[in-house]
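Colleague: Please give me a close look at one part of this model. Start with the ligand surroundings, then take me to the core and say how far to trust it.

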Amino acid sequence: MNPSLNKRLLVIWSLSLSATLAQAQVSVPIPAFTPYTQQCNVCHLAYPPGMLPAGSWKKLMEAMPPHFTAQVMVNVDTQEEISNWLQAHAGTYALVAEEPPQHRITRSAWWTQIHKESKKVPAAVWKKASVSQGAQCVTCHANAAKGEFNAKTVQVPK
Ligand code: HEC
Ligand code: HEC
């Protein structure tokens, strides 16, 4: 990991994602919206909406029921409601300006830069079912549901 890049990312994150980054931790707001947490916190974390641009949320939501290796059945009105809400709360800053491949947070340049294969996280870890190439944030970031992503409290499974 390139420490200066990490620092720069953190500065950008802290400036754009959280007005209250008092401690040395990354805090990414996950605003409350019940339909989103009910429908999208089932198979993985209800990801912070600011981690993808509006276009990615729109396309992911429009594609449903097919959704990666899953089928996500949501009532049509709810699907539209969630889609609109995600687009309204999407990231608008430079780090997430571009739609990442497959509209995956885990394929974004900033994300892969932070989560490079390393001594701390060897290649085999990313393949574990509980990690799912990174999509299961909570496995390593226990407080991810509160929007807390802190390099200091990361717990990498053995
Ligand atoms: C039935 C299970 C299921 C539900 C419910 C579900 N997803 Fe997913 N989601 C998946 C799978 C499977 C993946 C692919 C990642 C993986 O294989 O773990 C995924 C991946 C994602 C990703 C990309 C994660 C990455 O790699 O960066 C986003 C964004 C996402 N889902 C959004 C949503 C939204 C929004 C909802 C609610 C409308 C939702 N998901 C509901 C199963 C689900
Ligand atoms: C296999 C474990 C693992 C998973 C899964 C994982 N991370 Fe991380 N994450 C890490 C590690 C390790 C670091 C610290 C990297 C370092 O020390 O430079 C980190 C750091 C971060 C940081 C920077 C925090 C800081 O204080 O520098 C963010 C933001 C982050 N992860 C977001 C996510 C998101 C969002 C997901 C899910 C889409 C996720 N992570 C999934 C292991 C993981």
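Modeller: Start with ligand 2. Its shell counts 26 residues, and Val-26, Cys-137, Cys-140, Phe-149 and Ala-151 come nearest. This is a predicted model, so read every position as computed. Two helices, H1 (3-17) and H7 (137-140), each put at least two residues into that shell. H7 gives the most, with three. By type, the shell holds 16 nonpolar residues, nine polar ones and one charged one.

Now ligand 1. Here 19 residues make up the surroundings, with Cys-40, Cys-43, Phe-68, Ile-105 and Ser-132 nearest. Their types split into 12 nonpolar, six polar and one charged.

Next, the frame. The protein has seven helices and four strands. Read from the N terminus, the order is α-β-α-α-β-β-α-α-α-α-β. Of its 158 residues, 17% count as buried. Take the contacts with a separation of 6 or more: residues 24 or more positions apart account for 60% of them.

That brings us to the core. The largest nonpolar core has 15 residues. Val-28, Met-51, Leu-52, Trp-57, Met-61, Ile-82 and Leu-86 have the most contacts inside it. Helices H3, H4 and H7 each supply at least two residues of this core. H7 therefore appears twice in this account: it supplies core residues, and it gives the most to the shell around ligand 2.

Look closely at H3, residues 54-63. Ser-56, Trp-57 and Met-61 are buried there. Why do the buried residues line one face of the helix? Seen down the axis of H3, they fall within an arc of 125°, so they share one side. The general rule helps: an α-helix has 3.6 residues a turn, so residues three or four places apart point the same way. The opposite face of H3, turned away from the buried side, carries the exposed residues Glu-62 and Ala-63.

What do the buried residues of H3 pack against? Their partner is helix H4 (76-88). Leu-86 shows contacts of this kind in detail. Leaving aside residues up to four places away in sequence, Leu-86 touches Pro-49, Trp-57 and Met-61. Trp-57 and Met-61 are the buried H3 residues you met above.

Loops contribute buried positions too. Val-28 sits in the loop between strand S1 (26-27) and helix H2 (34-40). Is Val-28 buried or exposed? Val-28 has 21 other C-beta atoms within 10 Å, and 20 or more is the cut-off, so Val-28 is buried. Its C-alpha atom is 9.7 Å from that of Tyr-47, 19 residues apart along the chain.

Gly-50 is a second case, in the loop between H2 and H3. It has 22 C-beta neighbours inside 10 Å, so Gly-50 counts as buried. The C-alpha atoms of Gly-50 and Ala-88 are separated by 9.5 Å, with these positions 38 residues apart along the chain counted as their spacing.

Last, trust. The mean pLDDT of the protein is 87, and 84% of its residues reach 70 or more. Residues 15-24 are another matter: pLDDT stays under 50 there. The model has nine contacts beyond four places in sequence for that stretch. Where pLDDT is low, the predicted coordinates should not be read in detail.

Key: Residues numbered from 1 in each chain as written. Chains lettered and ligands numbered in written order. Predicted model: local features only at pLDDT ≥ 70, side-chain atom pairs only at ≥ 80, totals over all residues. Near = placed C-beta within 6 Å. Nonpolar A, V, L, I, M, F, W, Y, C, P; charged D, E, K, R; others polar. Buried ≥ 20, exposed ≤ 12 C-beta atoms within 10 Å, placed from the backbone. Contact = placed C-beta atoms within 7 Å. Arc of directions from axis to C-beta. Core = buried A, V, L, I, M, F, W, Y, C linked by C-beta atoms within 7 Å. pLDDT = per-residue confidence, 0-100.
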